[in-house]
Amino acid sequence: MKKRIESKIKAGERINEQEAELLFQEPDLIRLGKLANSVKERLTGNQIFFNLNRHINPTNYCKNRCRFCAFSAGFGDQHGYQLSLNEMEEIAAKAGNIYEFHIVGGLHPEWDFEYYLEILRRLKKLRPEVLIQAYTAVEIDHFSKISGLSLDAVIAQLKQAGLDAVPGGGAEIFRPSVRKKICPEKISGKRWRQIHAALHRAGVQSNATMLYGHLENYSDRVAHLKELRELQDRSPGFQAFIPLAFHPRNTRIKNVRNTTGVDDLKTIAVSRIYLDNFPHVKAFWIMLGEKLAQVSLWFGADDLDGTVAEEKITHMAGAQTPEALAREELVRLIREAGREPNERDTWYRVKQKW
Ligand code: V47
Ligand code: SF4
């Protein structure tokens, strides 16, 4: 590793895209991890965050049918499903002591915007104490199309119905040459960024993701991170960045294998170093596995997501992790890593220190 990059990072200076690519090529994983950890500790010290949350995926019927997605179904497919409002209320009522509902799903070919709003209203009414992180930019764009309303009007209605934050899904890889191979029907990267900028202007905090380990290369990853860093400079409102490791099983992306542990850790580390204006980097244990997610707490990550309860998107693509972790298990993973567990809500308000 070039001394110049190392000293820049230690001095808290921004690295450029060329330097980020060099970091991806760095063979000395431990050295890279130490640098990422120094950035993490500057921001969040020894603290690690996790949430008590419940994922709800209202439907997997989806008009887009992204090639990397094993979750979605066409109308009439055997594995297709849709939840009724009553079913979702039942899930919410049984969800126990949690701080967040995380609601994302497919672009249902028949549901109208009103139905998606009603989901928020019903859950908010039933569990007013639980924050709702819902609907990716892809769904929000879809709402604007099916309702004929402007983006700002859609966001205003979602807020009124109970939306508290927006998750980071749908970003995938922004660069058009890759995007057209992995999700040709999905909104462009530019539109995804427009929507998050509009959310931030409206005071809605959001997250950002990057799906890696499929057909992209390091340059595509860095170009993705560059767009995110610039957007956060111009229009701040991102809370966490979440790198998502591609799971190939049951997808239409062929001849690609699961990511390796080294690539996962490098991606977390380079993201932490490069995205100096993102408060948090999340290691989504569902995708990484509990063990690697735990190790990543020394490679730049400061958040493990949450208890989750039921996860469909990655499990339908072959994830071997459990679908839920108990709060005690998350605390144990963090403690045994020598870190301090903080139970948080969607807005990173600490609810309980362990
Ligand atoms: O956008 C789909 C990804 C995302 C696969 O904001 C896949 O807190 C791997 O964004 N292998 C949705 N990944 C999930 C998501 C998320 C998850 C956890 C927390 C947050 C947050 C956001 O899942 C999609 C896509 O990038 N995905 N299929 C697959 N086969
Ligand atoms: Fe639909 Fe999202 Fe799956 Fe793409 S990733 S097919 S938009 S559910």
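**Ligand 2 and the packing of helix H2**

In this predicted model, ligand 2 is surrounded by Cys62, Asn64, Arg65, Cys66, Phe68, Cys69, Phe71, Ser72 and Lys186. Sorted by class, this shell comprises five nonpolar residues, two polar residues and two charged residues. The cysteines and phenylalanines, namely Cys62, Cys66, Cys69, Phe68 and Phe71, belong to the nonpolar class. Asn64 and Ser72 count as polar, whereas Arg65 and Lys186 count as charged. The space that ligand 2 occupies is the largest cavity.

The arrangement of helices was examined next. Two packed helices are described by the angle between their axes and by the distance between those axes. Helix H2, formed by residues 17–25, and helix H10, formed by residues 218–234, have axes that come within 10 Å and cross at roughly 135°. H2 is therefore oblique to H10. The crossing in which H2 passes H10 is right-handed.

Helix H2 also packs with helix H11, which consists of residues 261–274. The axes of H2 and H11 lie 9 Å apart, and the angle of packing is about 155°. Because angles over 145 degrees count as roughly antiparallel, H2 and H11 are described as roughly antiparallel to each other. In passing H11, H2 makes a right-handed crossing.

Terms used: Residues are numbered from 1 along each chain as its sequence is written. Chains are lettered from A and ligands numbered from 1 in the order in which they are written. This is a predicted model: local features need pLDDT of at least 70, side-chain atom pairs count only at pLDDT 80 or more; totals for chains, interfaces and linings use all residues. Side-chain values use heavy atoms; hydrogens and water are left out. A residue is near a molecule or strand if one of its heavy atoms lies within 4 Å of it. On a 1 Å grid over the protein atoms alone, a cavity is a set of points where a 1.4 Å probe fits but cannot get out, and a pocket is an open set with protein on both sides within 12 Å along at least five of seven lines; lining residues have an atom within 4 Å of a point. A molecule sits in a cavity or pocket if more than half of its atoms lie within 2 Å of its grid points. Axes are lines fitted to C-alpha atoms, for helices over the stretch in contact, and angles run from 0 to 180 degrees between N-to-C directions. Helices (H or I, at least four residues) and strands (E, at least two) are DSSP runs, numbered from the N terminus. Angles under 35 degrees count as roughly parallel, over 145 as roughly antiparallel, 65 to 115 as roughly perpendicular and the rest as oblique. A crossing is left-handed if the near helix is turned anticlockwise from the far one by less than a right angle, and right-handed if clockwise.
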